[in-house]
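Welcome! Let's walk through a structure together, with questions from someone seeing it for the first time.

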Amino acid sequence: MFFPVWSRFLFWRGKGIRSDCLKNVLGRRALSGGGQHLKTLHDFMKNAGSLSEASNTSPAPVPPYLLGEPSTATLKKYFIETYGCQMNYNDTEVVMSILERSRIFTRTAVADDADVILLMTCAIRENAESKIWARLESLRSLEARLKKNITIGVLGCMAERLKALLMEKARVVDIVCGPDAYRDLPRLLIDTDEGNKKINVMLSADETYADIAPVRLDPTKKSAFVSIMRGCNNMCAFCIVPFTR
Amino acid sequence: MESIVDEVRRLSEEGIKEVTLLGQNVNSYSDESDIVHQGEEQKRAEDRLLSRGFKTVYKTRAHGLKFVDLLDKVSAVDPEMRVRFTSPHPKDFPDELLVLMKERPNICKQIHLPVQSGSSAVLERMRRGYTREAYLGLVKHIRSLIPQVSLSSDFIVGFCGETEADHHDTLNLVSSVGYDMAYMFAYSMREKTLAHRRYQDDVPEEVKQKRLRELIDLFYSIQATRVQADVGTEQLVLVEGPSRKSESDLSGKADGGRNIVFRRELLLDPKSNITRFPLPGDYVIVRIESCKGSTPIGRCLAFSSIKEFSLRGSCS
């Protein structure tokens with residue numbers, strides 16, 4: 001019988017997941033999706049002291065964008081890899097737009113240079129997920145080889161399907177973010193140096209990212225995707241998509 | 001709807017030559033934000049909604065602007081910009097949509113029509129909302145309106161309870177439809193789905209793989225025939241750039257979506273009256289001369305445009 005590489009993580013008890021963080025997030029997840037007013041990152045920083053549902057309690061260093069125009073040297077570098085359908089490629093472009101807008105992150109095409117590595121994942125078949133487990137394993141080796149702390153984030157349908165279980169099974173995962181929660185990504189990504197793990201898998205009936213112009217993955221191409229709707233209610237017997245999007 | 005049309009307009013201004021509208025069920029799109037539209041839409045509701053012989057599990061909303069309205073507006077933004085869409089569900093192809101596709105030269109004649117299985121018994125268990133007969137009827141109907149249409153499908157092999165007879169139904173269907181592209185996979189049971197709750201994943205893995213192999217072999221032999229049949233025809237190709245295998249060749253998609261490779265040659269640009277090489281974003285007429293596997297190889301003849309090519313009277 002074949003044991004996939006991630007099976008070694010099955011009994012891992014975990015390091016550094018702040019239980020208050022997870023409890024707050026899971027509590028919020030119980031709220032019905034849709035209609036939550038999403039604040040900008042600047043709102044979060046303004047009210048940092050007074051947020052009652054703050055999911056990290058350690059004080060943040062003064063972020064670069066409050067010190068004026070950030071130079072690229074102070075921006076954190078992110079590397080993003082996409083798996084699965086065209087919707088995921090389009091969502092990657094939305095994520096890139098959100099991260100660029102935050103003025104904390106800049107994209108790198110080289111994983112070794114990155115401070116943050118994001119995987120946009122697919123859950124349609126077991127094989128699709130196996131690829132991700134294997135990739136996470138290779139990222140764990142990368143971190144060890146480079147001897148640096150890289151924030152690893154799993155986005156997309158596998159994030160939505162497995163939620164906190166992802167972090168339990170693969171300790172290299174720091175952030176889990178589902179397809180309706182990408183606006184929250186900058187907040188989830190800052191301040192993970194102290195081993196804080198963060199998760200946002202809230203599903204929304206309304207989120208369409210309609211106001212976000214996707215940054216195109218390849219600006220030289222003469223073709224573009226335009227996402228016009230999200231999710232599926234058809235409930236075909238074999239398909240997981242209605243549960244992840 | 002306006003936000004989508006605005007985005008397409010902006011892309012056109014940036015020089016984008018092809019947009020693909022995306023959604024898990026792209027043609028179930030419905031914009032109910034504008035109440036003014038509700039009254040008129042309700043009157044024509046039934047006719048506008050579903051393909052003949054298809055049904056949905058959720059209550060179809062009669063009011064609101066539909067996919068055909070969106071496609072109408074989007075394709076009108078720039079008649080020289082190609083418009084494609086994916087992934088649609090077979091149930092959402094009312095006549096209105098097919099007629100629009102037929103009449104608008106820049107809406108590509110390519111339809112992804114995922115059937116999943118050719119057996120009505122399996123389709124019923126899958127809760128797809130159509131029978132084999134209804135699906136084949138839709139294919140026939142689409143082809144009667146758009147004869148040159150390029151069809152593709154998804155297939156799940158080895159779904160719960162699939163018998164050899166069911167599998168043969170799928171093979172027969174593939175033979176009779178003649179798809180230009182197929183995405184074929186063995187069934188992988190997923191937690192939370194209805195199949196996980198109600199059925200057993202009871203087709204053994206080696207049987208799934210055998211059936212998958214048979215489907216793949218059948219599909220590729222049929223695809224080869226179809227690609228061969230295009231040899232000698234002229235296609236309007238939107239140039240994408242150097243072909244993957246050779247720097248001296250260029251490639252781009254024909255209207256039906258197939259990738260065409262052709263040698264990089266100087267052509268006369270009628271707008272500037274100078275000869276130059278085709279660049280990404282140019283439309284060129286390519287005559288197909290041979291094929292390598294499933295890739296047609298041809299020679300570029302001239303620069304062209306969607307409008308000019310559509311006036312030629314033949315689209316393939």
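What follows is a friendly exchange about this predicted model.

Reader: How many helices and strands are there in chain A?
Author: Good place to start, and do keep in mind that this is a predicted model. Chain A has 245 residues, of which 51% are buried. Its secondary structure comprises eight helices and seven strands.

Reader: Which strands stand at the edges of the open sheet of six strands in chain A?
Author: The order of this sheet is β2-β1-β3-β4-β5-β6 in chain A, with parallel pairing. A strand with a single partner has one side left without a neighbour in the sheet, so the edges can be told from the pairing: they are β2 (105-107) and β6 (198-200) of chain A.

Reader: Which residue in β5(A) does Leu155(A) stand opposite?
Author: Strand β4 (residues 151-156) and strand β5 (residues 175-177) of chain A run parallel and are joined by three bridges. Across this pairing, the residue opposite Leu155(A) is Cys177(A).

Reader: What angle does the direction of helix α4 of chain A make with that of β3(A)?
Author: Let's take the two helices that pack on this sheet in turn. Helix α3 (residues 86-102) of chain A touches β1 (76-82), β2, β3 (116-121) and β4 of that chain, and its direction makes about 170° with that of β1(A). Helix α4 (residues 126-146) of chain A touches β1, β3 and β4. Its angle with β3(A) is about 175°.

Reader: How much area does chain A expose?
Author: Carbon and sulfur atoms supply 55% of the exposed area of chain A. The total comes to about 11600 Å².

Reader: Which helix gives the largest share of the largest nonpolar core?
Author: This core has 59 residues, and those with the most contacts inside it are Ile228(A), Leu21(B), Phe67(B), Leu71(B) and Tyr179(B). Its largest share, six residues, comes from chain B, from helix α7 (residues 132-145).

Reader: What is Leu71(B) in contact with, leaving aside its neighbours within four places in sequence?
Author: Leu71(B) is among the residues with the most contacts inside the largest core. With those sequence neighbours set aside, its contacts are Leu21(B), Val83(B), Phe85(B), Leu97(B), Leu100(B), Met101(B) and Ile107(B).

Reader: What is the bridge partner of His112(B) in β6(B)?
Author: Chain B has an open sheet of three strands in the order β5-β6-β7, with parallel pairing. Its edge strands are β5 (110-112) and β7 (181-186) of chain B. Three bridges pair β5(B) with strand β6 (residues 150-157) of chain B, and there the partner of His112(B) is Ser152(B).

Reader: Is Ser28(B) buried or partly exposed?
Author: Ser28(B) sits in the loop between β1 (18-22) and β2 (30-31) of chain B. Buried means under 20% relative accessible area, and exposed means over 50%. With a relative accessible area of 22%, Ser28(B) is therefore partly exposed.

Reader: And Phe309(B), is it buried or exposed?
Author: Phe309(B) lies in helix α11 (residues 306-310) of chain B. The cut-off for buried is under 20% relative accessible area. Since its relative accessibility is 6%, Phe309(B) counts as buried.

Reader: What distance separates the C-alpha atoms of Phe309(B) and Ile285(B)?
Author: Along the chain, Phe309(B) and Ile285(B) are 24 residues apart. In space, their C-alpha atoms are separated by 8.3 Å.

Methods
Residues numbered from 1 in each chain as written. Chains lettered and ligands numbered in written order. Predicted model: local features only at pLDDT ≥ 70, side-chain atom pairs only at ≥ 80, totals over all residues. Heavy atoms only, no water. Core = buried A, V, L, I, M, F, W, Y, C linked by side-chain atoms within 4.5 Å. Buried < 20%, exposed > 50% of the residue type's maximum accessible area, 1.4 Å probe, protein only. Helix = DSSP H or I, 4+ residues; strand = E, 2+ residues; numbered from the N terminus. Contact = heavy atoms within 4.5 Å. Pairing = 2+ DSSP bridges. Areas by Shrake-Rupley, 256 points an atom, 1.4 Å probe, with all protein chains shown as cover. Axes fitted to C-alpha atoms, helices over the stretch in contact; angles between N-to-C directions.
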